[in-house]
Amino acid sequence: MGKMIERGKTMTELMTEQTGGRVTATKLTKRHLLVVGQTGSGKTTTTLALLSQLQQTSQTAIILDPTGEYAKLPNTITYRLGVNAYLEAGALTAPQLLRVLELPADPWLVTKLEAAITALRIQKNLLATPGVYQKRGRLASEFEDQVARLGEWTSDYDLGCLVDQVVEETVHPYPDERADYRLLGQEYDRAALNAHWDQLLALRERLNAPAMRTLFGTVPTPGAVQTELNFVLKMFMTQRSNHKTLVLDLAALKRYGQGQTTVISVLLERLLAFRLAKPGQFAVKLVIDEAHRYLPSNGAALARNGIFQVLREGRKLGLSMIMTTQSPLDLPAELRSQFPNVLVHRLTTPEEQTALGLGSSQEQLATGQVLVYQDGQEVAEGQVNLPDWWGKE
């Protein structure tokens, strides 16, 4: 194409050149960046080198770390589920909660969960009383007034009472002349409870699973202070980083693939919401390693996923994504098209290269070698080395 290609340098050298350089960490990550290649080809090393350079220029980066692999990165502020962080259950809708718990979204259960969450929000935030919100014998007008008083500040609720509150949501009037329709209900729908009892038992069991108690902060941690993840994100999004990187360690959810996917999506959706509420803030880089593991397989779910929403809408809000994956074919085409910048390590088939819009002439790269593409054009070839701090105590 008549374009000079920079070769024979390490990625660190390429990324630390002055403004006149064609390849810098700042330029590569100003827009969405995809790092792609087989396992062991150098993706993680490349990402670490990028993050190291971004830290040196005091740029804000947030790593959503599902495996805990970024623990060695220096100059980080790390929040780890079960240690010093949790996710407030009120951050999730009823369908999202069921996805995190990896339970089917039965319509009856979703409806009852939505009602139960509203009732428990009243119980905790307006009435400041432990336990379930009793609906049997309660005036409907009283309940409606309390619902109208709920606001964003009342999102939290007692997750331990959720199943018992679902039972409370089945109350209905007496079926005879004793019925009082001013009340929310007078007796429990025992037929409905019996029909859905297995679902309620499964819900109770899953909520009590160690990983879920870790996620939602219901495990006692004497002497340790836990901070809610959305609060952490909000603080990091509004206060410029000083050579620091935020790491959210979600490794406690390793066994729950669908649960991790939903949590990552919800956190990214919240980041977008923060930026929509306060546009014009400083740029933030978002990092997700092996992102193909945390994407839904169907198109409708992809459109609702936080990763895709950030890729589609984040750039105009100062949010750019650094994503790694083993093969571009693992990503939906509409998602691949969101990356103007690509770092290519070793690929195995011409189809993978074609999927990235790079043609099919790429040479076979050795471990650690990487080709740099900007706007579909190869601009540099480099060798990735671990940063100098790697392996030092």
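D249 is buried in this predicted model, its relative accessible area being 7%. This aspartate forms a salt bridge with R80, and the closest N and O atoms of the two residues are 2.7 Å apart. D249 belongs to strand β9 (residues 245-249) and R80 to strand β4 (residues 76-80), so the pair ties together parts that are 169 residues apart in sequence. R80, in contrast to its buried partner, is partly exposed, with a relative accessible area of 33%.

The search of the whole structure finds 10 salt bridges. Another of these joins the side chains of R31 and D375, with an N to O distance of 2.7 Å. R31 is located in the loop between α2 (25-30) and β2 (33-36), and D375 in the loop between β13 (369-374) and β14 (377-383); the pair therefore ties together parts that are 344 residues apart in sequence. R31 has a relative accessibility of 21% and counts as partly exposed, because the buried class is restricted to values under 20%.

A further salt bridge is formed by D164 and R204, whose closest N and O atoms are 3.2 Å apart. Distant parts of the chain are linked by this pair, since D164 lies in helix α7 (residues 162-168) and R204 in helix α9 (residues 197-207), 40 residues apart. Both residues of the pair are partly exposed: D164 has a relative accessible area of 36%, and R204 has a relative accessible area of 31%.

Turning to the nonpolar residues, the largest nonpolar core contains 88 residues. Within this core, I62, L162, L268, I307 and M323 touch the most other members. Helix α12 (residues 257-277) supplies the largest share, eight residues. Residues of the core come from both domain 1 (11-87 + 227-383) and domain 2 (90-216), so the core lies between these domains.

The contacts of L162 were examined individually. When residues up to four places away in sequence are not counted, L162 touches L97, L113, A116, I117, L120, Y157 and L207. A second core, separate from the largest one, consists of 22 residues, among them L33, V247, I322 and L343.

Technical notes:
Residues are numbered from 1 along each chain as its sequence is written. This is a predicted model: local features need pLDDT of at least 70, side-chain atom pairs count only at pLDDT 80 or more; totals for chains, interfaces and linings use all residues. Side-chain values use heavy atoms; hydrogens and water are left out. A nonpolar core is a set of buried Ala, Val, Leu, Ile, Met, Phe, Trp, Tyr and Cys residues joined through side-chain atoms within 4.5 Å. Buried means under 20% relative accessible area, exposed over 50%, partly exposed in between (1.4 Å probe, protein chains only). Helices (H or I, at least four residues) and strands (E, at least two) are DSSP runs, numbered from the N terminus. Domain bounds come from an automatic or database domain assignment. Contact means heavy atoms within 4.5 Å. A salt bridge is a side-chain nitrogen of Lys or Arg within 4 Å of a carboxyl oxygen of Asp or Glu.
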